[in-house]
Amino acid sequence: MIPDAQVPKLKQAAVELKKMLRPESEEDARIVQKGLMLYRQGLVHHVKFIGGTVWATVQDVTPVRVYVNLSDPEESTCTCPAYGFCRHRMATFFQAYGQVDSVSDWVDEWRKPAKESLEAEKWGLKKAKDLLKNRQSDTQDYRGWVEEFENNFEEIVLGQGNPTPYVIANLFQAYLRQIRASAPLKQEWRSLYELVGYLYAFKQLTALSVKLEHSDQTVDRYYRYLFETIEEDIDDLIATLSVHSLPFDFDPFIEELRRETAELVEHEDGFHYERMNLYRLMWSHLLKSPSWRDEERHRLEAFGEGRRTQAEEVALAHQYFLSRRDKDTLDHLRKLGLHTLPFTFYWIQELISQGDNNRAGDYIEYMTQHIRAALAKMDRYHQARDFTRYALRTAAPYFRTGGREDLYEKMLAQTLPYSFIEYEDFLFAKEQYAKWGELYTYANEDSLSVPNDKIKIVQKADPEVLLPILHQTVDRLIAQKNRASYKQAVRLLKKLRTIYKKLKRVPEWETFFATLLDRNKRLRAFHAECERGKLIEPKVVEN
């Protein structure tokens, strides 16, 4: 039976799993369904509740051992090869939860958003078709287009009242389809119409989110990806429009787009990254007239210090970038603080794509100088690791095309321990085995994590490098105090002995090994494994 103290933790885990697993995801739905089957078939046994965790064995095709962390279900583990939360962890959760509440009720409540989303999608598509049938004209008038977008958004997305978070994506997708279906037949006008429509769609979605007071977590879970979809579609439309010179008939529309783009960065809400990305996309690839850019820069500068929104501050930095005033760009970012560091990724990518390595190097240097402090402010290891990986991936083309290698190594060093994998590969490829060994020791990594082929290469080229790594691993294995770890420790000790002999440092080995045996003299099983591995002579028993 579950201890009383664990009941609140189990109920909280039930809430967290509802947030973590998305019913609209086929993969998550399959995990829940298969976990439910394993639970109902009685294949979960040997369940134990230990300090806020659940341990169990699940008899699947082969039996697996499962550990479920009730405080943080994402940190749960299973001996099966599946990545992430698997059916066995799900079945174990159901087995435990069934002792405090109804598993069927949990599943029904979890599936409810998926059912509502499907119904909302059907309603939205039907409404979009009705609006298309009743469309009166195909005018080329900016204000007319905007009025049409606003009316259609009201009808499709808000036609049944304020939507719940989990149906917004389906209704909004139906609205976007309606925009595409309503576009003029002529290709150039079609692309412009869709561009204006998607820009308004972005504004309407952000305004709806703010109106409904959705938290960042709610947006992330249900519809954050829609902003990326809009950005990608706008990027494609701008590329289409940029193939040929824009006709004079477009001039009033482009003027309106300039105004709309400026309005993107006027708001303070949870979408400043998305607003800024769209702003930069428009000014980098569509609004390319030098006079327009000068006018926009002067407009932003005229607000004065402390009177710009966060997005407007970065917008001003972008206008400096477009004017090739890189020192002003970086000085402005420096004043704004570390939270603006991710915006440098975009500029680095732009410059590398243009083949301008000189300018790209200045931005990579700036990022390298500040990245350690930025990582220190991140709460979770995975967040810092993802940030590091993205930063290295962004800068990689610069280094591949002749950028400063010393800067790359500096960047790797500044992002440790999150860059351990990349730094280890870099040092090994450069045959800098001494630094490579120091890195393993610094990261507290053991020799078991080093691929055998690398160990063989280092053992031949510079065997002394392996000594601290092997010593560290032996100590760790012995500390585990079980027969399997002792066997591994003996194998590594034999490798250590071979290296000491090769280095002609046998007395040092003998002193170390004697001290090790004395320090662990109470561990009879370890001594027995040393005898079996012929590291020590077996004791002679006198009659």
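This report walks through the cavity and the two largest pockets of a predicted model.

Residues are numbered from 1 along each chain as its sequence is written. In this predicted model, totals for linings use all residues.

**The enclosed space.** On a 1 Å grid over the protein atoms alone, a cavity is a set of points where a 1.4 Å probe fits but cannot get out, and lining residues have an atom within 4 Å of a point. One cavity of 30 Å³ or more is counted, and the largest cavity has a volume (the space filled by probe spheres set on the points) of about 40 Å³. Its lining is made of Phe-202, Phe-227, Ile-230, Glu-231, Glu-274 and Leu-278. Helix 9 (225-241) and helix 11 (272-285) each give two or more of these residues, with the largest share, three, coming from helix 9.

**The open spaces.** A pocket is an open set with protein on both sides within 12 Å along at least five of seven lines. Here are the two side by side:

| Pocket | Volume | Lining residues |
|---|---|---|
| Largest | about 1,300 Å³ | 36 residues |
| Second largest | about 1,100 Å³ | 31 residues |

Nearest the centre of the largest pocket lie Glu-16, Lys-19, Met-20, Leu-21 and Glu-74. Helix 8 (216-222) brings the largest share of that lining, six residues. By class, the lining has twelve nonpolar, seven polar and 17 charged residues.

In the second largest pocket, Tyr-273, Asn-277, Pro-342, Phe-345 and Tyr-390 are closest to the centre. Helix 11 gives the most to this lining, seven residues, while helix 15 (343-353) and helix 17 are among those supplying at least two.

Definitions and conventions:
Predicted model: local features only at pLDDT ≥ 70, side-chain atom pairs only at ≥ 80, totals over all residues. Heavy atoms only, no water. Helix = DSSP H or I, 4+ residues; strand = E, 2+ residues; numbered from the N terminus. Nonpolar A, V, L, I, M, F, W, Y, C, P; charged D, E, K, R; others polar.
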